[in-house]
Amino acid sequence: MEVTRRQFLKVSGTAAAATTLYGIGFREVAHGTYRRFRLHYAHEVTTICPFCSVGCGIICHVREGQVVNTEGDPDHPINEGALCSKGSSLLNMAYVYDEKGKPVPNPSRVTQVLYRRPGGADWETVDWDWALRTIAARIKKTRDDTFITQNSQGVPVNRTPAIAWLGSAMCNNEENYLFHKMTRSLGLVNIDHCARL
Amino acid sequence: MHPLWTTAFQETWDDCRRRYVDFKPVGERLKELHCQARQWDQSESLLQEDHLKTPVIARQFPDYFKRVILPVFSQNEATALALDEFAEAMDQWHLEDPGVETRIPQWLQQLQQQAMHLCKPIQPDFVTLIVSLSLAHLYRSIPAAKPETPAGATQSGVCPVCGLPPHFAALVETEGYRQMECWLCGEHWPFTRLECPYCGEHHPEKLGYFTVEKMEVCRIHFCHSCQAYLKVFDTRSLALKDPCLWVMHLATLICDDLAAAEGYHPGSEMEWHQWMVME
Amino acid sequence: MKKSILIDTSKCMACRACQVACKQWNQLPADETTFTGTYENPPRVSPVTWMRITFQEEETDQGVKWFFGNQRCMHCTEAACEIVCPVGAIHHTDAGTVDIDFNKCIGCNYCAANCPFKVISFDRKTDLPTKCTFCYDRLANGYQPACANACPTGAITFGDRGDLINRGSRKVMSLQEQGNSRATLYGLDELSGTGMLFILEDVPTHYYLPENPVVSLQARLWSLLFRPLRIFVVLAMGLGLWSNYQKSTQLKRRIIQQEHRKPGADESAG
Amino acid sequence: MTNHWIDYQHSDVMMNIGLNTAENHPVSMKWIQKAKDRGGKLICVDPRFTRTAAMSDLYVPIRPGTNLAFLNGMIQYALENDLVHHEYLINYTNAAYLVNEAYHFEDGMFSGARLMDDGIGGEKVVYDRTTWSYQSDEAGQVLSDETLEDPRCVYQLMKQHFRRYDLQTVSEIIGCPLETLQACAALFCSTGKPEKAGNIMYAMGITQFTHGAENVRAIAILQAILGNMGRPGGGVNAQRGQSNVQGSTDMAMLYHIIPGYMPVPSESLHPTLEAYHATSPGGYWANRPKFMNSLLKAFWGEHATPGNDYAYDYLPKIDKERSHIATSKYMGDGEIKGMVCWADNPAVGGPTAARKRKNSAKLDWLVSVDIFENETATFWKEPGVNPEEIDTEVFLLPAALHMERDGSISNSGRWIQWRYAAGTPPGDCHSDLWIVDRLFRAVRDAYQVDGGVFPDPILKMNWDYGEDASSARVAMEINGYDTRTGELLTSFAQLQDDGSTAAGCWIYAGYYANEEEPACQRRIRETEGVGNHPEWAYAWPINRRILYNRCSADPAGNSWNPDLPLFQWNGSGWNRYDVPDFNAALLPEESARNAFIMTGEGRARLFSNGMVEGPFPEHYEPWESPLANRVSSVQFNPCSTVWYPDDRADYASGAFPLVATTYRLSEHYQTGMMTRNMPWLVETMPELFVEISPTLAADHGLVSGDQVVVSSQRGEFQAPVCVTPRVKSFQAGGKTIEMVGILWHWGYAGLSKGPVTNDVAPSIGDANTTIPEYKAFLCQIRKVV
């Protein structure tokens, strides 16, 4: 992993090191016994870039449940390690750098369940259970009020025209499949998403 | 000194000289030698860790050999004479002197006679270091010794030339391809990044790596299903022309040690850690 | 041995990954920019923007041409800033890059005024000149510059000057064979060779680079005149400014000095 | 895409039309560069000189909205100069078929035109397509004339139909110099030679028109007559805009289909399951009953039995068009009470976005699931809106980032690739899978406890994916399994219609066929081959990388291009580098007769009754156009539904003389929700701007950076102007037509704010797909003084 400038400046200066081994921090290590060294465990995970649909492979380095670095996946046949400027700035969606160069979680990300009361001027934070129960109640009420079981010719139609559903091109296939199963089970017909937008 | 030392070594040497083309038996032979060496009694190590303080530059291994290994052997001037001869032979390797091939075996003969009189027992792993370093250096410097890589041998977990599992690899070019390097014959071959070369495990949750603080260049990639580790050097950001992984491996032997402490064994079965001082 | 950066403008698609990487490595905050009429932003090199991509649209007979340039300190061999600096604060490092020693600098801003490429910008807050440092701190520890590391199409490459000159001239020859007579390797002999080499597909002015940059006459005269008197001049100015030195810039200089000047005598993070 | 990204390297000529590859799909330039290094040529057809044009060999300027005239001009050029690929034409297309005598075409209208009510108080043409058929003898065998001389054969009708699109007329319609057009036609039609492969890449610049679907038809016809379909380096390649838009379309997040591109049951056409099966088209689609019954089995498990038509009635039946424009109109009429919106931002991305935000106020409740606080969820916080008056209840649920959840996505090349979860999402964020699973279970619990209207489809739904939904179990259901043994299927050939198999989406069968080593997680690169990488991930259908690949070889089985053999008959079998799109057991001559297995005729349809506007593509001007239609008296696509008639600007009134088109930047993404919250990207492109030509700027006394108000019949916004020679006026129809380029990444939420420019876009859609016409409408600019 590329070390940030802060670590450099703390320990090194600008004089040209005589040999390459200095470059990889050899000397200090030899002094101490191994117990004093702090190990940093990480593992590599492959994912696909979420921006355009070329489908470039990306390797994320994850340490203690946090993504610490993302780079192009060299073994991926489409991008062979290369990424465009959006793809290589993927980490910035999760972390932005404050002026001291330390990564902090992106402040504009929504991390709590927000609720806006009718006529309210701002958000209130609520918990998941309440939100899910209330949304289920709203769906149930709207569906039961407007459900049509048969049309004029007696053909069973079982639909409700009163709920619109916008699925998404930013979600995975499995998520979109469950969206579709849920909409058809509720009898929704106003289904669309940003492919047609 | 253990009599086995001389005959095993001599056979390996003749084997290698006679049959450059087919390397596989040489690799097996060397591993056998290496395992036998480990059964000797292990007293205090000859090599103090400050010997590693003096830095080693790529392509200047002979110089390192003279300044590190030479003092170790020089308690007895008889071995010193043999080692001088070897050091000089190593220098000539760089001059591609045609006669070098004959001069090295003479050195080995002398070392074997002298080894008898050494007052201190040599640490077994240190023997491994000497043998593998000298053979590896020999193979790399005499191009004829190594046949071309068989075509299509891209995704193999062992060296396509000499069939030995690798001990270290490097991430090369800006894209970060993983390029394995055979510690014995120096053969390079590409290998995908998210797969264990020893057991073929490729589920991400079974693979991982750790780095030692302030030495992030060396990553110890381990695999939970076969508990083996491989050292991977991220040489992309270093501005070195062509980094010699052997030297970087020597410089990061502490990582092998830590990997052993964490319970992983080297996939190449080349045990390095015993001769480091461990408090 | 001398190091250089080769910028191949025919491979550049102006995605500005280098501009972002330079800011990320040198921890420079984002400029407050507004739309100025072209895709080019930020509009000029500034204390917080040490390099930037330039967009130049030209109406030619074969239709519109769009040139993407790269504006940064050229690290010239015959550096006007070094010649004209009264206190000798600017010097060449062993890798051939031009470095400013903030200890000696008295903030006279002569270098910024005389730079033929106008890439040194004066920082009002710390009274010090700022410019691209060729990532000298990375170089000293065996790393390649941040912009070269980030370029996805390989338009920016770093290496020994000799290799890059061969590669550059080979590419220029192939461009000329394909009928582009104006292709040149800029920086080969300008100011007896600059650290940054450009493969250009058209006249240098389309890339915000002067035709034939030269150290101005008065700059040479100024240094000739004052060089013998330098000791005296330095003493006088030093004394006069010494009290000012204590008062306002003491703290700032120490921080900057620690970052740019302390030799890398011991270990450094790999 | 019929081919895929890596296949671009084999193209000899690439036409990049209605698309800005260098800015919106940058990494694909790597493969285009490889083709150029082999001597390939890149043509860029675009109203503006973009970064793609800067890297192309030939740049063709084109007036927005006239792509169809340009493409018809290419077809005419290929037919007149006999550059077509004859052997391909006779064997693999229906060029030789004889067409029904009753079919005729004059002055822009085809036979069978009827003016019908369009369901919202207006009228539109709905064709009676019976006359668009072939002549067949009494035994039902289609008549054909291999010599292509018969005046009623499709080939001669095409020559007659496209005769009006000679290059001189086309150059006056699209406003491009004649020599450039001739150079482009000569270059691209050179791929008609058997060993050459031509590749057409397109995106929203082709589809976002009222005649968008006909644009794609014209591309398909051009590629078919030049023999470029189904072979390496060829194909019709749509470069889609978002990471999983291909996957979300396969999973049918659209009102008119259900997973696997099967039509949604309609109350008029498919009252019962038999009626649904009876309407299955010919070709491989004859197996649709198997796919439909398997889907119903996957939805309702053991409750779907032959007795109750596999719970066919649990599926809702559609009554009228319910596309995005229609839904926002119904929302305005108060018919829609609630909306659930997953990672979508129609308040900025939708056409006439201002009306959309006003309509949102009529909702009782709105649920939005997103990573950032987007404009759709905060329409009540828009500047100049009084929150008290809006009593919509809004829920904003925090979603995890794309890299923080696992699951598969499909890229443009139909490659289904698996993503592993990297790290855990912060705070209360969860993956959309977790959210939709918990939401459904909450609704099911509500119905279990309090009952309700017709709860059966919900209570009997086959929905059990574990406590925390696991995407692997969902994937196995999509992949399909044998209901008796539970064993996963490896191909959709195993699907049965007797309820013994269940599959969520039949085209995905085989992508998750075994639990330990699922095909979509494979990472093995090919060591030799044509770059298809068959063992990397999985391409639907059944890992076929190039569709219609029987056409890559001649009827005798020899590959058209000997040194790039995708399929080569070796006397007893095929040497192959891809999964065959035909029955490989047959002899080459027999399998050549069914090269296009999805169509009833087994051939490419140059003459087709599939489109609503007509069997051949016919050029019509956009809804708001500065010029009268040159080729016929029908000004605008008669089959498109006009949702808001008074939204149309009349050019003659002179109020809106300029043509406007919308497009994107490489530094920002879609509605900018993600990129407008990153400081360094905002620094490179801090503000919205519009691009105009130097001549237009001179007329209005504008200089780069001046503020202007861009207005249209539907709304206006203010932005700085960028005067650039890359945008030019067009000499078309005897007039000088000026163009305004509009970006649409900005909105009132996020780090970098700006006006919503889609307020000016028209709410009129394509006749077949109702995709809005963002790419050509009329507007006016005035200087802010």
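1. Chain A and chain D bury about 12100 Å² between them in this predicted model. Carbon and sulfur atoms account for 64% of that area. On the side of chain A, W128(A), R196(A) and L197(A) lose the most area to chain D. Together these three residues make up 7% of what that side buries. By residue count, 110 residues of chain A are in contact with 161 residues of chain D.

2. Polar and charged pairs also cross the boundary. There are 77 residue pairs in polar contact between chain A and chain D, counting pairs with both residues at pLDDT 80 or more. By class, the side of chain A that touches chain D has 60 nonpolar, 31 polar and 19 charged residues. The count of salt bridges between chain A and chain D is 11. In one salt bridge, the side chain of R109(A) meets that of E404(D) at 3.2 Å, N to O. Side chains of opposite charge can pair when their charged atoms come close.

3. The backbones of the two chains also pair. Strand β6 of chain A, residues 113-116, runs antiparallel to strand β14 of chain D, residues 393-398, and three bridges join them. Within this pairing, L114(A) stands opposite L396(D).

4. Which residues of chain C carry a "binding site" annotation? UniProt, in an unreviewed entry, lists C12(C), C15(C), C18(C) and C151(C) for one such feature. These cysteines span 140 residues in sequence, yet no two of their C-alpha atoms are more than 10.7 Å apart, so they gather at one spot. C12(C) is in the loop between β1 and α1 of chain C.

5. The unreviewed UniProt entry also places "binding site" at C22(C), C132(C), C135(C) and C147(C). This set is spread over 126 residues of sequence but clusters in space, with a largest C-alpha distance of 11.0 Å. C22(C) is found in helix α1 of chain C, residues 17-25.

6. Chain C has a salt bridge between the side chains of D8(C) and K171(C), at 2.8 Å, N to O. This pair links distant parts of the chain, the two residues being 163 residues apart. D8(C) is in strand β1, residues 3-8, while K171(C) is in helix α6, residues 161-177. Over all chains, a search of the whole structure finds 59 salt bridges.

7. Two domain annotations for chain D come from UniProt, both in an unreviewed entry. "Molybdopterin oxidoreductase" is placed at residues 3-439. That span is 32% helix and 14% strand, and its end C-alpha atoms lie 38 Å apart. "Molybdopterin dinucleotide-binding" covers residues 658-776. Here the span is 10% helix and 29% strand, with its end C-alpha atoms 10 Å apart.

8. Chain D contains an open sheet of three strands in the order β15-β16-β19, with antiparallel pairing. Strands β15 (407-410) and β19 (538-539) stand at the edges, each with a single partner strand, so one side of each is left without a neighbour in the sheet. Strand β16, residues 415-419, pairs with β19(D) over two bridges. In β19(D), Y538(D) is the bridge partner of I416(D).

9. Where are the backbone exceptions? Most residues other than glycine have a negative phi, and most peptide bonds are trans. A537(D) is a residue other than glycine with a positive phi, near 55 degrees. A537(D) sits in the loop between β18 (501-502) and β19 of chain D. A cis peptide bond joins W540(D) and P541(D), with omega about -15 degrees. P541(D) is in the loop between β19 and β20 (567-569) of chain D.

10. Chain C has a cis peptide bond as well, joining N41(C) and P42(C) with omega about -10 degrees. P42(C) lies in the loop between α1 and β2 (52-60) of chain C. Helix α1 is the element that holds C22(C).

Definitions and conventions. Residues are numbered from 1 along each chain as its sequence is written. Chains are lettered from A and ligands numbered from 1 in the order in which they are written. This is a predicted model: local features need pLDDT of at least 70, side-chain atom pairs count only at pLDDT 80 or more; totals for chains, interfaces and linings use all residues. Side-chain values use heavy atoms; hydrogens and water are left out. Contact means heavy atoms within 4.5 Å. Buried area is the accessible area (1.4 Å probe) that two parts lose on being put together, summed over both. A salt bridge is a side-chain nitrogen of Lys or Arg within 4 Å of a carboxyl oxygen of Asp or Glu. A polar contact is a pair of N or O atoms within 3.5 Å; within protein, one must be able to donate a hydrogen and the other to accept it, and residues adjacent in sequence count only if both atoms are side-chain atoms. Ala, Val, Leu, Ile, Met, Phe, Trp, Tyr, Cys and Pro count as nonpolar, Asp, Glu, Lys and Arg as charged, and the others, Gly among them, as polar. Two strands pair if DSSP finds at least two bridges between them. Helices (H or I, at least four residues) and strands (E, at least two) are DSSP runs, numbered from the N terminus. UniProt positions are given in the numbering used here, feature names are shortened, and annotations may be inferred rather than shown by experiment.
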